[in-house]
Amino acid sequence: MTQNAVTDVPPEKVDLAVTVGLAVKRQREIAHISLRKLAELSGISSAMVSRIENGQVSPSLTTLEALASALSLSVITFFADCVQTSDVTHVKAGQGLPATRSFADHQHEFQILGRHRKNPLDFEAASVTIERLKDDTHPKYINRGYVFLTITKGKCVYQCGDKDYPMTLGDSLSFDAELLHGVKEVVTKSVTFTTISAKIA
């Protein structure tokens with residue numbers, strides 16, 4: 001069993017070592033594997049993994065890479081709790097980043113309310129308004145991940161898979177985005193809904 005270089009923790013680095021060690025332990029427990037199994041998968045001795053988890057040593061990047069690989073994670077996962085700032089989006093009512101979605105025979109405007117990408121998660125929230133079309137040729141989608149949407153104005157019929165759902169103010173849907181989905185019919189002059197999608201990139 002190979003063992004990577006580590007150094008004893010100097011006083012000024014205790015907090016970092018403890019934070020990283022706790023992250024390693026938490027991810028190991030989430031993966032439902034024992035300390036001994038993690039040692040076997042990573043090529044690091046059980047005693048050393050224990051010292052790392054208890055914040056007694058400052059592991060090298062090579063050691064952390066071995067642990068991350070054994071847990072099928074990115075090394076940055078171990079440092080998530082060390083970040084003192086977060087990506088926050090605050091959108092006032094009626095505002096948002098204007099955007100346009102265009103197709104060969106259709107176009108509609110929408111507002112992006114929030115977008116976050118943090119490997120491996122891709123998250124987006126938007127407010128979408130769709131006008132009624134005489135021929136009801138609204139586009140349909142097939143994506144990855146999951147979608148949640150709720151009607152904030154108007155009425156429509158929303159197709160999700162092989163079923164149609166009449167939607168009115170306050171109604172919501174959540175579904176696997178791999179199902180064919182989209183507005184099938186706008187019942188009122190227009191319909192507005194907030195949609196939230198999340199997927200693993």
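Which residue forms a salt bridge with E124, and how far apart are the closest N and O atoms? The partner is R115, and the closest N and O atoms of the two residues are 2.5 Å apart. A salt bridge is here a side-chain nitrogen of Lys or Arg within 4 Å of a carboxyl oxygen of Asp or Glu. The model is a predicted one, in which local features need pLDDT of at least 70 and side-chain atom pairs count only at pLDDT 80 or more, while totals for chains, interfaces and linings use all residues. Residues are numbered from 1 along each chain as its sequence is written, and side-chain values use heavy atoms, with hydrogens and water left out.

The structure holds four salt bridges. Side chains of opposite charge can pair when their charged atoms come close. Burial is expressed by relative accessible area: buried means under 20%, exposed over 50%, and partly exposed in between (1.4 Å probe, protein chains only). In the pair described above, E124 is buried, with a relative accessible area of 16%, whereas R115 counts as partly exposed at 38%. A further salt bridge joins K184 to D164, with 2.7 Å between the closest N and O atoms. This pair links distant parts of the chain, since K184 belongs to strand 10 (residues 181-186) and D164 to strand 8 (residues 163-167), 20 residues apart. Helices (H or I, at least four residues) and strands (E, at least two) are DSSP runs, numbered from the N terminus. K184 counts as partly exposed at 35% relative accessibility, and D164 counts as partly exposed at 38%.

Another salt bridge is formed by the side chains of E53 and R28, at 2.6 Å from N to O. The two residues are 25 residues apart and link distant parts of the chain, E53 being in helix 3 and R28 in helix 1 (residues 14-30). Both E53 and R28 are buried. Helix 3 spans residues 46-53, and its buried residues are M48, V49, I52 and E53. Seen down the helix axis, these buried residues fall within an arc of 135°, so they line one face of helix 3. The arc is that of the directions from the helix axis to the C-beta atoms. After helix 3 comes G55, with a positive phi near 70°.

Helix 2 (residues 35-42) can be described in the same terms. L38, A39 and S42 are its buried residues. They fall within an arc of 100° when seen down the axis of helix 2, and they therefore line one face of the helix. R36 and E40, on the other side of helix 2, are exposed. G43, just after helix 2, takes a positive phi of about 80°.

The nonpolar residues were examined next. A nonpolar core is a set of buried Ala, Val, Leu, Ile, Met, Phe, Trp, Tyr and Cys residues joined through side-chain atoms within 4.5 Å. The largest such core has 20 residues, and those with the most contacts inside it are I130, L149, Y158, M167, F175, V183 and F193. Among the elements that give two or more residues to this core are strand 4 (107-118), strand 5 (121-131) and strand 6 (146-153). A second, separate core has 18 residues, including V20, M48, V57 and A70.

Strand 9 (172-176) is one of the elements that contribute to the largest core. Its side chains alternate: L173 and F175 point to one face and are buried, while S172, S174 and D176 point to the other and are not. Strand 9 pairs with strand 6 in the antiparallel sense over five bridges, where pairing requires that DSSP finds at least two bridges between two strands. S174 in strand 9 is the bridge partner of F148.

Two aromatic pairs are found in the whole structure. Rings of Phe, Tyr and Trp (its six-membered ring) pair if their centres lie within 6.5 Å; planes under 30 degrees apart count as stacked, over 60 as edge-to-face and the rest as tilted. Y158 and F175 form a tilted pair, 6.0 Å centre to centre with 40° between the planes. Y158 is buried at a relative accessible area of 4%, and F175 is buried at 6%. The rings of Y158 and F193 have centres 6.3 Å apart and planes at 85°, so this pair is edge-to-face. Y158 lies in strand 7 and F193 in strand 11, so the pair ties together parts that are 35 residues apart in sequence. Y158, F175 and F193 form one aromatic cluster.
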